[in-house]
Every structure is written in structure tokens, then in C-alpha cells.
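The exercises below ask you to read a protein model step by step, with the structure open beside the text. Try each task on your own before you turn to its solution.

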Amino acid sequence: SKWLFLDSLGGHYDLFEALVNYAVKNNIKIACNPGGKELQRGLSKLAPLLKSIDIFLVNKEEAKSLFGEQNPRDFMPKAIISISDGPRGVMVFDKEKIYTAGIPDSPVVERTGAGDAFGSGFVSEFIRSGDIVKAIQFGTANASSVVTQFGAKAGILKQGDWGPWGLIEVKKS
């Protein structure tokens, strides 16, 4: 595989470390959406592994708990860093730019799975196209679709299906 997507591993740091090391050794890119138990290990424990991450996805509260007032870019110089803020949208950093986007006006039945839907949509579209703007748009469309239904998986979009909303505007600075 060319990519490895690491999600919550139930706090099994040894497994997390082994998978990152395996990916680095085998030239596999890493997308990571760590779970709370991984984040509880703290920055001092995670910092050596973060430098190998290519795409890092967390919400605003998780970013604040892990990095505090420090700049995530200092720990992940090569990564695309996505920090979601629920109904307020997302901020994505690459090496040169900051991208911000809101969310479309869509009905919300339940927010369960919205963050995971954003992350999986973002990563899959970025792998497919290499375009951060399209990745943000597809991740947002995927999350918007999921929140219109009950459960974390209902409403997941497939390639080419962008849902009933227009593409969100992504601002670059």
C-alpha cells in the first residue's frame, strides 16, 4: 500500500509506534486521526512519531490538549494538518498556506461520526487528486451527509457523489 490510515488504536502506543516505524521503513505515507487514548500519551511521548505523519487530523479541542499554545507545525514540518471545529468548519495547514472553510447549510439529525466522515473524505480525496481544496470540499460534503442521518456510517458518500449541496468555498491565505 502507498498509504496507511491510523485511527484510534485504543491507547496501544506500542502498536502505534510499530505501525509508524513500519510505514517509514517501507516508504508508506501516513494519515493519522489519533484517538483520545493516543492523545493522552502527551506531546513528549508522541513528538518523535509525529514528524513522520503526512496528514494529521484532529478537532480543535484535541489540538489544544496536545499542543497547548505551541505550533503543531513545529512537530510535523511535512504534514498537512487539519483542525476541525464542528459547525464552525475547518482550518487546514500545509507547508505554505492556511485553508479555511465553513460548512453548508444542511439539516442535522445527529453529529455522531461527523469528524470521522470528514477525515476519511478528506484523506481519500487528497490521495485521489492531490488537491487540498477538493479534499476539504469532499471531507465537508461527507460529514454534512453523515449528520443528516442517524449513526456514524449512514450517509457516507462514495467517489463522485458530492451530496446535494453546492461545494463550499475554501479560502487560502
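**Exercise 1.** Decide whether Asn142 is buried or exposed in this predicted model, and find which residues Asn142 is in contact with, leaving aside its neighbours within four places in sequence.

*Solution.* Begin by placing the residue: Asn142 lies in helix α6. Next, take its relative accessibility, which is 1%, and compare this with the cut-off of 20%, under which a residue is called buried; Asn142 therefore counts as buried. Finally, look for the residues around this side chain: once the neighbours within four places in sequence are left aside, Asn142 is in contact with Ala117, Ser120 and Gly121, and also with Gly155, Ile156 and Leu157.

**Exercise 2.** Check whether the span of helix α5 agrees or disagrees with the value expected from its 16 residues, and then list which residues of α5 are buried and what covers them.

*Solution.* Helix α5 covers residues 114-129, and at 1.5 Å a residue its 16 residues should span 22 Å. The C-alpha atoms at its two ends are 22 Å apart, so the model agrees with the expectation. For the second part, the buried residues of α5 are Ala114, Ala117, Phe118, Gly119, Gly121, Phe122, Val123, Glu125 and Phe126. The cover over these buried residues includes the strands β1 (3-6), β2 (29-32), β3 (55-59), β4 (80-84) and β5 (90-93), together with helix α6 (132-146). Just after α5 comes Gly130, which takes a positive phi of about 75°.

**Exercise 3.** Work out how many salt bridges the model has, and describe where the partners Asp54 and Lys78 lie.

*Solution.* As a starting point, side chains of opposite charge can pair when their charged atoms come close. The count comes to five salt bridges. One of them joins Asp54 to Lys78, with the closest N and O atoms 3.4 Å apart. Asp54 lies in the loop between α3 (43-50) and β3, while Lys78 lies in the loop between α4 (60-67) and β4, so the pair ties together parts that are 24 residues apart in sequence. The two partners can also be classified by accessibility: Asp54 is buried, with a relative accessible area of 13%, whereas Lys78, at 39%, counts as partly exposed.

**Exercise 4.** Describe the salt bridge between Lys60 and Asp85, and then examine the one between Glu125 and Arg128.

*Solution.* The side chains of Lys60 and Asp85 meet in a salt bridge at 3.8 Å, N to O. Because Lys60 lies in helix α4 and Asp85 in the loop between β4 and β5, this pair ties together parts that are 25 residues apart in sequence. Lys60, Asp85 and Arg88 are linked in a network of salt bridges. Turning to the second pair, Glu125 and Arg128 have their closest N and O atoms 2.8 Å apart, and both lie in helix α5, three residues apart, which is about one turn of the helix. Glu125 is buried at a relative accessible area of 5%, while Arg128 is partly exposed at 45%.

**Exercise 5.** Find where Asn27 lies, and state what is notable about its phi.

*Solution.* Asn27 lies in the loop between α1 (13-25) and β2, and is exposed, with a relative accessible area of 70%. Most residues other than glycine have a negative phi. The phi of Asn27, however, is near 55°, a positive value in a residue other than glycine.

Methods: Residues are numbered from 1 along each chain as its sequence is written. This is a predicted model: local features need pLDDT of at least 70, side-chain atom pairs count only at pLDDT 80 or more; totals for chains, interfaces and linings use all residues. Side-chain values use heavy atoms; hydrogens and water are left out. Helices (H or I, at least four residues) and strands (E, at least two) are DSSP runs, numbered from the N terminus. The expected span of a helix is 1.5 Å times one less than its number of residues. Buried means under 20% relative accessible area, exposed over 50%, partly exposed in between (1.4 Å probe, protein chains only). Contact means heavy atoms within 4.5 Å. A salt bridge is a side-chain nitrogen of Lys or Arg within 4 Å of a carboxyl oxygen of Asp or Glu.
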